[in-house]
Each structure stands twice: as C-alpha cells, then as structure tokens.
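Colleague: I'm new to this one. Could you walk me through it?

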Amino acid sequence: MSRVALNNIEKEFHGHRVIDGIDLTIEDGEFIALVGPSGCGKSTLLRIISGLETASKGQILIDDKVVNALRPKDRNIAMVFQNYALYPHMTVRRNISLNLEIAGLGKKEIDERVDKAVKLLEIGELLDRRPSQLSGGQRQRVAMGRAIVREPSVFLFDEPLSNLDAKLRAQMRIEIKSLHRTLATTLIYVTHDQLEAMTLADRIVVLNRGVIEQVGPPMELYLRPKNQFVATFIGSPSMNLLPATVRAAAGGISLVLEEDVTLPLPFTLPDRQAVTLGIRPENLVIDGPGLPLEATVLFNEPSGAYSLVSARIGQNMSLSLMVDGYRSIEAGQRLRLGILPEHIHLFDAQSQKSLREGGPC
C-alpha cells in the first residue's frame, strides 16, 4: 500500500503563504501530475511530501502514517530531480548503488537490485561511464535507476524532462509511462508542461497561487473546466475567451459579443448577464453555410498537419483557430466561422466560474 494523503497543508516563507490549505489524497499506484504556472507552489508541495521542506501547518501521511517529523531518508520515497543530481566522479553503477551501500545492504542484494533496474531502463552499456560521458536522456535514465533500486513506496519527479529537447522529451514520456505501469508504484510528477501532464497522468492537480483549482482525469479537466483559469491552462493552444452579454428576446436567447456580432445560445441564462464565452481553437467550424461569425485573418502559423490561425472578429476581438495545415490561408483573408453548441463554455464575468452544469459534452 502506497497511499499519500495531504491534510490542510500550508507553507509560509517570510510571512508569505505559498501553499494555502491543500487537501489531496493520492491512491496506491496512482500517477498524479501537479501543474500550474511558475510560483504556484507545485515544487514546494513536492518538497514538503519528500521532507526537503517542512509544512507550516497540516499533516502528510504515507501508508496511513504521519511522516511530518520523519527525515527524507526515513519516508520510503525516492525523488528524481530536474538536474539529475548525479555524482560526476562516480561511474553509472556507483551512482545507482551508492544509496544502497549507505543503507548497509549486502553486495548480493545490491547487485540484484542494480541489475534489475539496469535491464528495465536498458542502460547496461553505460555502467562504467561517468555522467560527463552521457547524453541528457542517458543521465535521466541513470537518475531514474538510482530511484528504482531503493524500491520506494512513492516516486517523486520534479520537472525531470525540462532540460531535454522536444524529441527526447517525447521519448522519455513514453518510457516514464511504461516504467509506471511496470512498477505499479505511486508516482507524483511536477511539470510546467500541461502536455506532459495530459499524456502521463491518471489525474491532474491544477494549482494556482498555492491552492487547488481542480483535480480530475485529463479529459475531464479539458472538457469540463470549473473556471477560466483551468480552461485556459489545460489544452494547447489555449482556449479563446471573449466577453459577451446574454440577451433574451422573443426569438430566443443569444449572446452579444459586439453590437454587430451575436450568437444563438442553446440554453437559458438571465437576461443581460455579463459572461465570458470560451471556445477552443480546434472547436471552431470554418467556412460552412450559415455560419454566424465573420473573421479577418491576421496571420497564419503553419506547423505541419495543422496551422494556428489568428483572426479578428468585429472591431476589437481576436481569436485563434486550428485549421488543416494543407489549406492555404493568407493574412487579410475573410472567413466565416461557427461554434458547435456542445463545445461552448460560459463563465460568469465576475467569479470566472463555469456556468454550464456538467460542462460541454
């Protein structure tokens, strides 16, 4: 059993509260990603779990045992850092085995654990090299091997792929996911990259200014964000947000974006309510019959199979849309756009909370 529970965790630095009353339970074998903007508290929270930082308030439980007073080495966890933290003068084998030697394990058990990790990570040919002779991806595998041999209850990863190039990050994501499935151990993963979180995690915890905005499976956060912050943080490219006002008339309910830009609304809201319309770039319909929005292309960013097009509607509103990368679209071109009702997100203009019960389907 490797269950982690955080009960009302707070952390202050010099009178400034960076973690503000966090409650979170991570189940045995679960892969959890902590995401949020820089300074939101995600790495601090990970360090509190590890014991590298102390909580100002609240309890940390691992395997139903309160561990606040325990040193990091006594919490039965292993941490993989962003900068690998390898000893430059030691070989790969020694980097992996050192903590086991310090713990007093016998040579036979150390060799068995190291050999098992080496086979799992496919780094057998690296054992006699030193970190300076390794690529970034190889160093990260060695750091993971050092964590694996400890056979911990919980793995903690602190932005482990941020120093790698895009191609290697994609490869390492697959390897980390495969590693988790093989080991079936609880894993808590901090990243600033929401794509990593979406592809790796069973559940994502979205943090902002030291509090949890929303917790859930990746697609739940994508389809049913509880507020504007989650809506714009999860998903790439980011969701379009447009100010609007609800108008009720004999012909039905509509959204007024500007005086000459209106959209039919397929559900009821109070007349004259100020709202924010949210629509993802990939959910805009382009150049079909009877589409209500007219847009002028500002510029086009081709990226292969898809292009990200920035356009203006009305006098002052801009939005982004995803289009087929093989389609020729030029600056100044006029497009007709529409929004499928099931993909509409609406947020209260003041509270920024979602107004759609259950969110889009």
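Modeller: Sure. A word on terms to begin with: helices and strands here are DSSP runs, numbered from the N terminus, with at least four residues for a helix and at least two for a strand. Also keep in mind that this is a predicted model.

Colleague: Okay, then where does Asp63 lie?

Modeller: Look for two strands, S4 (57-62) and S5 (65-66). Asp63 belongs to neither run, and its place is the loop between strand S4 and strand S5.

Colleague: What is phi of Asp63 near?

Modeller: Most residues other than glycine have a negative phi. Asp63 isn't a glycine, yet its phi is positive. The value for Asp63 is near 55°.

Colleague: And the peptide bond from Ser236 to Pro237, is it cis or trans?

Modeller: Most peptide bonds are trans. For Ser236 to Pro237, though, omega is near 0°. Pro237 sits in the loop between helix H8 (228-233) and strand S11 (240-249). That bond from Ser236 to Pro237 is cis.

Colleague: How is the chain divided into domains?

Modeller: Domain bounds come from an automatic or database domain assignment. On that basis, the protein chain splits into domain 1 (4-233) and domain 2 (240-348).

Colleague: How far apart do the C-alpha centres of domain 1 and domain 2 lie?

Modeller: The two domains do touch, with eight residues from domain 1 and seven residues from domain 2 taking part in the contact. Their C-alpha centres, on the other hand, are separated by 40 Å.

Colleague: Which three residues supply the most of the area that domain 1 buries against domain 2?

Modeller: Between them, domain 1 and domain 2 bury about 630 Å², with 53% of that from carbon and sulfur atoms. The rule finds zero salt bridges across this interface. On the domain 1 side, 73% of the buried area comes from Tyr222, Gln228 and Ala231.

Colleague: Let's turn to pockets. Which element gives the most to the lining of the largest pocket?

Modeller: That pocket has a volume of about 690 Å³. Its lining has 24 residues, and Pro72, Lys73, Ile77, Asn99 and Arg150 are the ones nearest its centre. Strand S6 (77-80), helix H2 (92-102) and helix H4 (136-148) each put in at least two residues. The biggest contributor, with five residues, is H2.

Colleague: How many residues in the lining of the largest pocket are nonpolar?

Modeller: Four of the lining residues are polar, and four are charged. The nonpolar ones number 16.

Colleague: What about closed spaces: which element gives the most to the lining of the largest cavity?

Modeller: The structure holds one cavity of 30 Å³ or more, and about 30 Å³ of space lies in the largest cavity. Phe155, Leu179, His180, Leu183, Thr185, Thr186 and Leu187 line it, with helix H5 (166-183) and strand S8 (186-190) each giving two or more residues. The lining divides into four nonpolar, three polar and no charged residues. With three residues, the element that gives the most is H5.

Methods. Residues numbered from 1 in each chain as written. Predicted model: local features only at pLDDT ≥ 70, side-chain atom pairs only at ≥ 80, totals over all residues. Heavy atoms only, no water. 1 Å grid on protein atoms, 1.4 Å probe; cavity = no way out; pocket = protein on both sides within 12 Å on 5 of 7 lines; lining within 4 Å. Points joined across faces, edges and corners; volume = space filled by probe spheres on them. Nonpolar A, V, L, I, M, F, W, Y, C, P; charged D, E, K, R; others polar. Contact = heavy atoms within 4.5 Å. Buried area = accessible area lost by both parts, 1.4 Å probe. Salt bridge = Lys/Arg side-chain N within 4 Å of Asp/Glu carboxyl O.
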